[in-house]
Amino acid sequence: EKYPAITIERVDERFTSKMAFQTMIDSGLSKSKRRNKALVDEIAATIILQTYMDRKSPF
């Protein structure tokens, strides 16, 4: 309501942590690094951003 000109887009992020964890396994990261919650969250955020950008791409 405060900024009516700004569009809010919702993103389903339910499975991004699982996708991030699988990406870590596929890339060969050690178990100790896969336990790092901050790294999992960072990769999940990257997946969310990439998905958003892919949807907006005209190509």
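Q: In this predicted model, why does Tyr52 count as partly exposed?
A: Its relative accessibility comes out at 33%. Buried would need under 20% and exposed over 50%, so Tyr52 at 33% falls in between and gets the label partly exposed.

Q: What makes the nonpolar surface patch, and where does Tyr52 sit?
A: Leu49, Tyr52 and Met53 make the patch, which covers about 290 Å². Patch residues need over 30% relative accessible area, so Tyr52 with its 33% passes that cut-off. As for its place in the fold, Tyr52 is part of helix 3, which runs over residues 37-56.

Q: Why is Thr16 called buried?
A: Its relative accessible area is 8%, and the cut-off for buried is under 20%, so Thr16 is buried. Thr16 belongs to helix 1, residues 16-26. Leaving out residues up to four places away in sequence, Thr16 touches Ala44, Ile47 and Ile48.

Q: How do you know that Ala20 is buried?
A: The value is 0% relative accessibility. Since buried means under 20%, Ala20 qualifies. Ala20 is another residue of helix 1.

Q: Which residues does Ala20 touch, beyond those up to four places away in sequence?
A: Val40, Ile43, Ala44 and Ile47. There's a backbone distance to go with that: the C-alpha atoms of Ala20 and Glu42 are 8.5 Å apart, though 22 residues separate the two along the chain.

Q: What makes up the largest nonpolar core?
A: Six residues: Ala20, Met24, Val40, Ile43, Ala44 and Ile47. A core member has to be buried, and Ala20 meets that at 0%. Helix 1 and helix 3 each put at least two residues into this core, with helix 3 giving the most, four residues.

Q: What does Ile47 of that core touch, not counting residues up to four places away in sequence?
A: Thr16, Met19, Ala20 and Thr23.

Q: How do you know that Arg34 has no salt bridge?
A: Look at the nearest side chain of opposite charge, which is Asp26, 8.7 Å away. A salt bridge has to be within 4 Å, so Asp26 at 8.7 Å doesn't make one with Arg34. Arg34 is buried all the same.

Q: Where is Arg34, and which residues is it in contact with, leaving aside neighbours within four places in sequence?
A: Arg34 is in helix 2, residues 31-34. Its contacts are Phe21, Met24, Ile25, Leu29 and Val40. Among them, Met24 and Val40 are also members of the largest nonpolar core.

Definitions and conventions: Residues numbered from 1 in each chain as written. Predicted model: local features only at pLDDT ≥ 70, side-chain atom pairs only at ≥ 80, totals over all residues. Heavy atoms only, no water. Patch = residues over 30% accessible without salt bridge, like charges linked within 9 Å, V, L, I, M, F, W, Y side chains within 5 Å. Areas by Shrake-Rupley, 256 points an atom, 1.4 Å probe, with all protein chains shown as cover. Buried < 20%, exposed > 50% of the residue type's maximum accessible area, 1.4 Å probe, protein only. Contact = heavy atoms within 4.5 Å. Lys, Arg positive; Asp, Glu negative; His and termini not counted. Core = buried A, V, L, I, M, F, W, Y, C linked by side-chain atoms within 4.5 Å.
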